[in-house]
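Grab a coffee and work through a few short exercises on the structure below. Try each task before you read its solution.

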Amino acid sequence: MPGKHKGLSCKEDALNPQQADDLLLVCISIRDKFIIGCLLLAGLRVSELAHLKRSWVNFDENNITVPIRQFCACWECTQKRDGEWRPKTKHGARTIRIHPQLRSILEEYLYSHDGISLTRQRLWQKVKQLANQAKILHNSYPHCLRSTCAIELAHRGISSASLQYLLGWARLSSAEAYVRSDRRRALKEVDEIYT
Ligand SMILES: [Zn+2]
């Protein structure tokens, strides 16, 4: 959409907390839980989810680390990137704290799989299918789950700088758009001042 802030367009399609819970609840298989959990609870980009390996996750330190680069034999990386996958920007290489709800999902799924082995297109279809099952009527796609993760962190009072780092944005303004316009957080802060 020309002239429109990229982060904001996804923000408008983000799920509310009830929809986010419903979406997690319709995931029956551990693979579906893994897909939705990585997008919704870790805020990964769909390309990052498609390339996540067991080696990205450090359970001892409770972190997921998106590497600077990774050899990859998928069609897209072979055709377009000389067999090397990289995050969208250099800021995409980052370490993310594992959400408490995501940890057991990662442990179970990665115990027997070294990644998702699905293309970005298939992941889009999967998100749409699960959102339909959860009766989420508005437009649902992987990026709006990432956006939902950013909104939740903003609600809980994260700073713009930390949000920028965790979501792997190149610009601070992407994070500020979330933190600045958070109604629930603003009211909570005012309540703390008034009491
Ligand atoms: Zn690849």
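**Exercise 1.** Locate serine 117 and work out what stands out about its backbone.

*Solution.* Start with the place: serine 117 sits in the loop between helix H6 (100–112) and helix H7 (120–133). Keep in mind that this is a predicted model. Next, check phi: serine 117 has a positive value of about 55°, although it is not a glycine. Most residues other than glycine have a negative phi. Last, look at accessibility: exposed means over 50% relative accessible area, so serine 117, with 71%, is exposed.

**Exercise 2.** Do likewise for asparagine 62: which loop holds it?

*Solution.* Asparagine 62 is in the loop between strand S1 (57–58) and strand S2 (63–65). Its phi is near 65°, again positive in a residue other than glycine. With a relative accessible area of 24%, asparagine 62 is partly exposed.

**Exercise 3.** Find the residues that coordinate the zinc ion, then name the geometry of the site.

*Solution.* First, list the donors: His51 (NE2), Cys72 (SG), Cys74 (SG) and Cys77 (SG) coordinate the zinc ion at 2.0 to 2.3 Å. Second, take the angles among the four donor atoms: they run from 104 to 116°. Four donors count as tetrahedral if all angles lie between 85 and 135 degrees, so the zinc site is tetrahedral. Third, read the spacing of the donor residues in sequence: H-x20-C-x1-C-x2-C. Histidine 51 lies in helix H4 (residues 46–51), and cysteine 74 in the loop between strand S3 (70–71) and helix H5 (75–80), so this pair ties together parts 23 residues apart in sequence.

**Exercise 4.** Is histidine 51 buried or exposed? And how does cysteine 74 count?

*Solution.* Histidine 51 counts as buried, at 9% relative accessibility. Cysteine 74, at 28%, counts as partly exposed.

Technical notes
Residues are numbered from 1 along each chain as its sequence is written. This is a predicted model: local features need pLDDT of at least 70, side-chain atom pairs count only at pLDDT 80 or more; totals for chains, interfaces and linings use all residues. Side-chain values use heavy atoms; hydrogens and water are left out. Donors are N, O and S atoms within 2.8 Å of the metal (3.2 Å for Na, K and Ca); water is not among the atoms, so sites may look incomplete. Four donors count as tetrahedral if all angles lie between 85 and 135 degrees; four count as square planar and six as octahedral if opposite donors are over 155 degrees apart and all others between 65 and 115; anything else is irregular. Helices (H or I, at least four residues) and strands (E, at least two) are DSSP runs, numbered from the N terminus. Buried means under 20% relative accessible area, exposed over 50%, partly exposed in between (1.4 Å probe, protein chains only).
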